[in-house]
Amino acid sequence: RSASGHAIARNLLANAGNNVDVVLLGSFAGAEAAGLYRAARTLAGAPLRIAAPAWVALRPRLLPALHSGNPRAAVQMIARVGAALLLLSLVLLVLLSPIAKPLIALVYGPDFATARLPFMILFAAALLTGAVTGWLSFAAVLSQRKATATAVYALQLLLLVACALIIAAM
């Protein structure tokens with residue numbers, strides 16, 4: 001399997017994740033539910049906006065550790081940053097919980113205040129996929145485990161679809 005084949009697969013999976021959940025939700029639960037979900041998903045992306053720069057900043061330190069023959073150093077760096085991001089995200093989750101409904105109403109209007117529960121579910125999912133595993137595909141590609149990186153994107157897409165279906169069932 002070629003590196004470019006894995007890169008194409010990762011890009012396709014990432015792009016599918018951009019809208020597949022909204023399309024599914026619109027199909028199963030209607031346009032109103034899809035609109036509420038879309039608003040919740042937009043706000044729930046905060047952990048990714050916090051985590052992405054942290055993982056990018058870690059890359060210059062992670063590269064030497066990955067190639068030094070001392071994978072333990074790389075694992076320790078990843079674990080420390082992942083734990084800090086997880087803690088920060090959990091604090092944000094706790095702080096946002098009581099104010100999520102008025103915050104959503106402020107940003108999107110009172111008709112969207114009912115998006116609180118989808119927001120909390122998606123925030124927790126974004127916390128896991130971005131804050132905790134944001135490093136995984138990068139490390140997998142550098143360590144020549146391209147199939148693992150592709151699997152990470154597939155799992156993230158499945159998690160997103162599962163969240164949409166759970167919310168549609170509510």
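Buried residues account for 35% of the 170 residues in the protein chain. The model is predicted. Its accessible surface comes to about 9300 Å². Carbon and sulfur atoms contribute 69% of that surface.

The chain contains eight helices and zero strands. Read along the sequence, the pattern is α-α-α-α-α-α-α-α. Among contacts with a separation of 6 or more, 68% link residues 24 or more positions apart.

The largest nonpolar core has 23 residues. Within this core, Tyr37, Phe119, Leu122 and Phe123 touch the most other members. Six helices each supply at least two residues: H1 (3-29), H2 (31-44), H4, H5 (100-108), H6 and H8 (146-169). A second, separate core has nine residues. Leu58, Leu62, Ala74 and Met77 are among them.

The contacts of Leu122 were examined next. Not counting residues up to four places away in sequence, Leu122 touches Tyr37, Ala40, Arg41, Ala44, Cys163 and Ile167. One of these, Tyr37, also ranks with Leu122 among the core residues that touch the most other members.

Two aromatic pairs are present in the structure. In one, the rings of Tyr108 and Phe112 have their centres 5.7 Å apart. Their planes meet at 45°, so this pair is tilted. Neither an angle under 30 degrees, for stacked, nor one over 60, for edge-to-face, applies here. Tyr108 is partly exposed, with a relative accessible area of 30%. Phe112 is also partly exposed, at 26%. Both values lie between the 20% limit for buried and the 50% limit for exposed.

The other pair joins Phe119 and Phe123. The ring centres are 5.6 Å apart, and the planes lie at 50°. This pair is therefore tilted as well. Phe119 and Phe123 are four residues apart in helix H6 (residues 116-132), so about one helical turn separates them. Phe119 has 2% relative accessibility and counts as buried. Phe123 has 0% and also counts as buried. Both fall under the 20% cut-off. These two rings also belong to residues of the largest nonpolar core.

Ala73 is found in helix H4 (residues 71-96). Its relative accessible area is 23%, so Ala73 is partly exposed rather than buried, the limit for which is 20%. Ala73 and Leu62 are 11 residues apart in sequence. In space, their C-alpha atoms are 8.5 Å apart. Leu62 itself is included in the second core.

Methods: Residues are numbered from 1 along each chain as its sequence is written. This is a predicted model: local features need pLDDT of at least 70, side-chain atom pairs count only at pLDDT 80 or more; totals for chains, interfaces and linings use all residues. Side-chain values use heavy atoms; hydrogens and water are left out. Buried means under 20% relative accessible area, exposed over 50%, partly exposed in between (1.4 Å probe, protein chains only). Rings of Phe, Tyr and Trp (its six-membered ring) pair if their centres lie within 6.5 Å; planes under 30 degrees apart count as stacked, over 60 as edge-to-face and the rest as tilted. A nonpolar core is a set of buried Ala, Val, Leu, Ile, Met, Phe, Trp, Tyr and Cys residues joined through side-chain atoms within 4.5 Å. Contact means heavy atoms within 4.5 Å. Accessible areas come from the Shrake-Rupley method with a 1.4 Å probe; for residues, only the protein chains shown count as cover.
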